[in-house]
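Okay, everyone, thanks for making time. I'd like to walk you through a structure and show how its pieces fit together. Let's get it up on the screen.

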Amino acid sequence: MDLNPSHKDMKSTKKSILLCCKLFVSESRNHTALDSIERAARLDGETVLVNKFEDSAYNRICYTLVSYIAHDSTENIIYSPLQRTLQSMVEAAYEAINLELHSGAHPRLGVVDDIVFHPLAQASLDEAASFAKMAAADIANKFQVPVFLYDAAHPMGKPLDVIRRALGYFHPNFMGNQWSGWDMPEVLPEKPDVGPTMVSRARGIVMIGARPWVSMYNIPMVSKDISATRRIARKVSARGGGLPTVQTLGLFHGEDSTEIACMLLEPNRVGAEQVQHQVEMLAAQEGLHVEAGYFTDFSPDMIIEKYLKLISGDESH
């Protein structure tokens, strides 16, 4: 069996069979911790840190990483630089952050709260799911944290929001609008897919999944009325009878404002313009003003473009 792709094949793979990994970490105020995580992100030049989005009110950061996946002659995944980079970043996060000391206005269940893989270019969702399961096994075993798989990485395709709801993710535990420390039992009410059932209070648990591209779009509300913001958020969401394939959260965002955080599960079907319009219409009925929303990441095409530009620069040296 040939486990070593030719140089020509590898060069083609680096530009065509790509995975995007989004790593959500529960921290954005401790810059020493973030510096450590970002140094780990740059240890392997074949993984590109394309973007980071941090929010101080939420005390949360998302890193967007891209690299290739290589196969053997039977089309099994044998390697991706993402594997080493991800482990290094997760290790840095666990060394620098203690969930018991963390608080913020965004829900979370772990220091490393969520890791999701999206196929890019010619990669398939099956490849993203296979790699997600490999990453889950690595992280659960090395760091002894419970891991819940979701969407294409889960054997039954269990959605992320269903798992989170069962674990109490959406219920603030401090001041009615903040998430602080760890207040779940150390023996989980739900059995994780990988890793121990006992939880380290300092690390929490991890969600790892694979799904087609999802757009994250946040809409600021010029209001401190969290009840009204939550009402509007629910009416916009598919769960509340609103727009299909849209998930929302109404959250405090700083001292003087709230925000509707939107997850567009099929952005080509229901996009940001439709969501913005619906929020503005519902807010007007409540007598509230809405600001223009914003995406928290680049589009898939822009991410691929940035990745190719960066690796082409490296290859020319």
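Let's start with a pair of strands. Strand 12 and strand 13 are partners, and they pair in the antiparallel sense over seven bridges. If you want one rung to look for, take Q247, whose bridge partner in strand 13 is M263. In case pairing is new to you, strands of a sheet pair through backbone hydrogen bonds, either parallel or antiparallel.

Before I go on, please keep in mind that this is a predicted model.

Now widen the view a bit. Which strands make up the open sheet here, and in what order? There are four, they run 12-13-11-14, and the pairing is antiparallel. At the edges sit strand 12 and strand 14, the latter covering residues 294-295, and each of these two pairs on one side only.

Next to look at is helix 6, residues 226-236. Which of its residues are buried? They are I226, A228, T229, I232, A233 and V236. Looking down the axis of helix 6, those buried residues fall within an arc of 160°, so they line one face of the helix. There's a general rule worth remembering here: an α-helix has 3.6 residues a turn, so residues three or four places apart point the same way.

And what does that buried set pack against? Three strands and a helix: strand 11 (215-221), strand 12 (246-252), strand 13 (258-264) and helix 7 (272-285). You've just met strands 11, 12 and 13, as they belong to the open sheet. One more detail on helix 6: D225 caps the N-terminal end, with a side-chain oxygen 3.2 Å from the backbone nitrogen of S227.

Okay, let's move to another part of the chain. Strand 8 is residues 147-151, and five of the five are buried, so strand 8 is largely enclosed by the rest of the structure. Strand 8 is joined to strand 10, residues 206-210, by five bridges, and these two run parallel. For a landmark, find L149, which stands opposite I208 in strand 10.

While we're at strand 10, let's pick out M207, which is found there. Is M207 buried or exposed? Its relative accessible area is 1%, so M207 is buried. Setting aside residues up to four places away in sequence, M207 touches quite a list, including D114, F148, Y150, L160 and R164. For a sense of distance, M207 and S124 are 83 residues apart in sequence and 21 Å apart in space, C-alpha to C-alpha.

D114 was on that list, and D114 is in strand 7, residues 112-121. Now, buried means under 20% relative accessible area. D114 has 5% relative accessibility, so it counts as buried. What does its side chain do in there? The side chains of D114 and Y150 are joined by a polar contact of 2.8 Å. Leaving out neighbours within four places in sequence, the contacts of D114 include K22, L23, F24, L160, R164 and M207.

Strand 7 also holds V112. With 1% relative accessibility, V112 counts as buried. Here's a nice one to check on the model: V112 and V206 are 94 residues apart in sequence, yet 5.9 Å apart in space, C-alpha to C-alpha. Apart from neighbours within four places in sequence, V112 is in contact with L23, F24, V90, A93, Y94, I205 and V206.

Just for contrast, let's take a loop residue. H106 sits in the loop between strand 6 (103-104) and strand 7. At 12% relative accessibility, H106 counts as buried. Not counting residues up to four places away in sequence, H106 touches Y58, R60, Y169, W179 and L251.

Let's zoom out to finish. The protein chain has eight helices and 14 strands. Its radius of gyration is 20 Å, close to the 20 Å that the globule rule gives for 317 residues, so the chain is as compact as a globular protein of that length. The C-alpha trace spans about 65 × 40 × 40 Å along its principal axes.

How much of the chain is buried? Buried residues make up 53% of the 317 residues. Among contacts with a separation of 6 or more, 73% come from residues 24 or more positions apart. As for the outside, the chain exposes about 14200 Å², and carbon and sulfur atoms supply 51% of that.

That's my tour, so let's go to your questions.

Definitions and conventions:
Residues are numbered from 1 along each chain as its sequence is written. This is a predicted model: local features need pLDDT of at least 70, side-chain atom pairs count only at pLDDT 80 or more; totals for chains, interfaces and linings use all residues. Side-chain values use heavy atoms; hydrogens and water are left out. Buried means under 20% relative accessible area, exposed over 50%, partly exposed in between (1.4 Å probe, protein chains only). The arc is that of the directions from the helix axis to the C-beta atoms. Contact means heavy atoms within 4.5 Å. A polar contact is a pair of N or O atoms within 3.5 Å; within protein, one must be able to donate a hydrogen and the other to accept it, and residues adjacent in sequence count only if both atoms are side-chain atoms. The radius of gyration is taken over C-alpha atoms; the globule rule is 2.2 Å times the number of residues to the power 0.38. Accessible areas come from the Shrake-Rupley method with a 1.4 Å probe; for residues, only the protein chains shown count as cover. Two strands pair if DSSP finds at least two bridges between them.
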